[in-house]
Amino acid sequence: MTDSSTSAVPANAIPRSLFIYSLLYGGLVVLAGVLGNKQVALGPLAVEAGIFPFLMLVALSSCVAEIWGQQRAQKLVLYGFIPLVTSMLFIILVYWLPADSEMDPARLSAFETIMGQSPRLMAAGIVAYGTSQLLNVTIFSALRGKADGKSSATSLAVRGAIASALSQIVDTLLFVTISFYGVFPIGKLMAGQMAAKVVLSLVIIPFVIQLLVSIARQLDAEDA
């Protein structure tokens, strides 16, 4: 399914918006894992900071699905495993390489605290990322149906919010369960994370998707 505003782009060319958004997507996949080491307070809600780049991943994949179709959006998510797994391998390598004897012990300790993720946490991140992102694209595309042409702004916002909220619930279920089940009671943590992610999905995602779609169409119109 291809939007009419981009139909003039040659079949063998990579649309400018898709190229830019793919680069941004790959960077955010890596950044989400790093920022997730900090818990932030948003009023009464507490959430790990990795949710912000992760929600951008949701918005980007939804935008690609809206303009370039479900298949390309799914490929974007699958290609995201490349920077995700590659970054994890480099983290493992650097973590286990011996530190220079003159390195500040405080900096070394901070590095090891932030980067010293267990294999269980890494596995949880991989599973949660792939499942939730593909689910988001699937729900977002299914809600659109088979109607041709541009979707209304309201429809786009509603579909984005619903798909994001549902996929974030699944993301939390998978990540928290795989990471911490059997280590400590996870009910309270899971409920809090779900509430925060659903609220952010409903409040932020509709506007971000509409903005990304608008920017993409402007970029591609210049190439048409």
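This short talk describes the fold and the two largest pockets of a predicted model.

Good morning. In this predicted model, local features need pLDDT of at least 70, side-chain atom pairs count only at pLDDT 80 or more, and totals for chains, interfaces and linings use all residues. Residues are numbered from 1 along each chain as its sequence is written, and side-chain values use heavy atoms, with hydrogens and water left out.

I begin with the chain. It contains 9 helices and 2 strands, where helices (H or I, at least four residues) and strands (E, at least two) are DSSP runs numbered from the N terminus. Their order from the N terminus is α-β-β-α-α-α-α-α-α-α-α. Of the 224 residues, 39% are buried, that is, under 20% relative accessible area with a 1.4 Å probe, protein chains only.

I turn to the pockets. A pocket is an open set of points on a 1 Å grid over the protein atoms alone, where a 1.4 Å probe fits, with protein on both sides within 12 Å along at least five of seven lines; lining residues have an atom within 4 Å of a point.

The largest pocket holds about 790 Å³ of space, a volume being the space filled by probe spheres set on the points. Its lining has 37 residues, and Ala32, Gly33, Gly36, Glu48 and Phe175 lie nearest the centre. Elements giving two or more residues to that lining include helix H1 (16–35) and helix H7 (153–180).

Which element supplies the largest share of the lining of the second largest pocket? That is H1, with 6 residues. This second largest pocket has a volume of about 360 Å³.

Note on methods. Buried < 20%, exposed > 50% of the residue type's maximum accessible area, 1.4 Å probe, protein only.
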